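User: I am new to this structure and would like to understand the reasoning behind the words used to describe it. Could we go through them one at a time?

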Amino acid sequence: MTFSITAHDPLSKARTGTLTTDHGLIQTPIFMPVGTAGTVKAVHQRELETDINAEIILGNTYHLYLRPGLDVLQQAGGLHGFNGWQRPILTDSGGYQVYSLSNTRKIKEEGVTFKSHIDGSNHRFTPEGVMDIQRIIGADIIMAFDECTPYPCEYEYARKSMEMTHRWLDRCITRFDETEGQYGYRQTLFPIVQGSTYPDLRRQSAEVIASKEREGNAIGGLAVGEPAEEMYAMIELVNGILPADKPRYLMGVGTPANILEAIALGVDMFDCVMPTRNARHGLLFTTQGIMNMKNEKWSRDFNPIDPELGGYASTFYSKAYLRHLFKSEELLGGQIASLHNLTFYLWLVRQARAHISAGDFVAWKNEMVVRLMQRL
């Protein structure tokens, strides 16, 4: 994987760039739709490619390991062969799922034992094993195995967890570097900065991660309940240490406002379940603000969902029709809303790229943060 920066914003740390992988180019800043179990929920691959124009999507090691399982994925030729997506894929190592399974897992130096959420069976993830699993899944970008600490978190726990994450990273790097991809294309490994919301720990972690000199780096352990101001402070601190010539991936973030503010702080890559999860509950992000499609006010609004956004779902269907689908509990409602929200998120980062290149990103960002987060 290679990364080249193509433009800098003069008034912030925002930049545009190009990531080159064996499955294609990725223009940054980029939002990556989340396809946890091998599918972006309620969205066809054709729609991801032609309507949304997603340049990269995510899979999740924990979920894919449990179902469909490694034998199926290997026989299919990896996740690309299994789900038919031929553009780049990134896989989360499962560290966040370990965090979310706090009642059914045990963390030790060797690794993590946990119970499957599907059938209660016992499993173990080690740094080496997670590298092997992600080799079989075959994503272009894979993540180091880490522990995501909760918020709030005691300082001493955060410190010990961070130090273990660093030791796990060394084991991940050793295993990754001594193995090869299985399907004839190259993979790359991103380490993850941890340290909760403690500046000294974040600084230490960023310095350790930067010293590993991998092709890209991730920032984890944020957007887990801390105030937005603390998240932004940690991003700014970490991005001042991580190498500027490599992509920076902020994991699991976030709202449109979060994304724009993080771009201004120098983040290049984002993912979040928010567009599809909110869509299934009738909450739409639009170019004018946020709409709850279950509200009565849309029942006789026969205008397109968001004509300024463009795209099939947003311009073909009316607000009144979409509200009817949600009130009737028709599956199509969630599909249309998911397609719309993902189209919006990809539109947002493309607009950001255009304004960074034009040199007026900060003024545009400040206006859009207010507009996009208002309730309509």
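Analyst: Let us begin with D146, which, once neighbours within four places in sequence are left aside, is in contact with S93, G95, T165, W168, I192 and Q194. The model is a predicted one, and the place of D146 in it is the loop between strand 10 (141-143) and helix 7 (155-177).

User: Why is D146 called buried?

Analyst: The relative accessible area of D146 is 5%, and buried means under 20%, so D146 meets the definition and is called buried.

User: What makes the pairing of the side chains of D146 and Q194 a polar contact?

Analyst: The two side chains come to 2.7 Å, while the cut-off for such a pair of N or O atoms is within 3.5 Å, so the value satisfies the distance part of the definition.

User: Which residues does UniProt list under "binding site"?

Analyst: The unreviewed UniProt entry lists D92, S93, G94, G95, Y96, D146, Q194 and G221 under that name. Of these residues, the lining of the largest pocket includes D92, G95, Y96, D146, Q194 and G221.

User: How do you know that G95 is buried, and where does G95 lie?

Analyst: G95 lies in helix 5 (residues 95-100), and its relative accessible area is 0%; since buried means under 20%, G95 is called buried. Not counting residues up to four places away in sequence, G95 touches F145, D146 and C148.

User: Which residues carry the "active site" label?

Analyst: In the unreviewed UniProt entry, D92 and D271 are listed for "active site". Although they are spread over 180 residues of sequence, they cluster in space, with a largest C-alpha distance of 10.4 Å. The lining of the largest pocket includes both D92 and D271.

User: Why do D92 and D271 count as buried?

Analyst: D92 has 14% relative accessibility and D271 has 9%; because buried means under 20%, each of these values leads to the word buried. D92 lies in strand 6 (residues 89-92), whereas D271 is found in strand 15 (residues 269-272).

User: What does the side chain of D271 make a polar contact with?

Analyst: The side chain of D271 makes a polar contact with the side chain of Y249, at 2.7 Å. Y249 is also among the residues that D271 touches when those up to four places away in sequence are not counted, a list including F31, M32 and M251. M251 is likewise in contact with D92, neighbours within four places in sequence being left aside.

User: What makes strand 4 and strand 12 edge strands?

Analyst: Strand 4 (30-33) and strand 12 (192-193) are edge strands because each pairs on one side only. They belong to an open sheet of 5 strands in the order 4-15-14-13-12, with parallel pairing.

User: How do you know that strand 13 and strand 14 pair?

Analyst: There are 3 bridges joining strand 13 (residues 217-219) to strand 14 (residues 248-250), and these strands run parallel; pairing requires at least two bridges, so strand 13 and strand 14 count as paired. One of the positions involved is N217, whose bridge partner in strand 14 is R248.

User: Is S205 buried or exposed, and why?

Analyst: S205, whose place is in helix 8 (residues 199-211), has 0% relative accessibility, and because buried means under 20%, S205 counts as buried. A polar atom of its side chain lies 3.1 Å from the backbone nitrogen of Q194.

Definitions and conventions. Residues numbered from 1 in each chain as written. Predicted model: local features only at pLDDT ≥ 70, side-chain atom pairs only at ≥ 80, totals over all residues. Heavy atoms only, no water. UniProt positions renumbered as here; feature names shortened; annotations may be inferred. 1 Å grid on protein atoms, 1.4 Å probe; cavity = no way out; pocket = protein on both sides within 12 Å on 5 of 7 lines; lining within 4 Å. Helix = DSSP H or I, 4+ residues; strand = E, 2+ residues; numbered from the N terminus. Buried < 20%, exposed > 50% of the residue type's maximum accessible area, 1.4 Å probe, protein only. Contact = heavy atoms within 4.5 Å. Polar contact = N/O pair within 3.5 Å; in protein donor to acceptor, adjacent residues only side chain to side chain.
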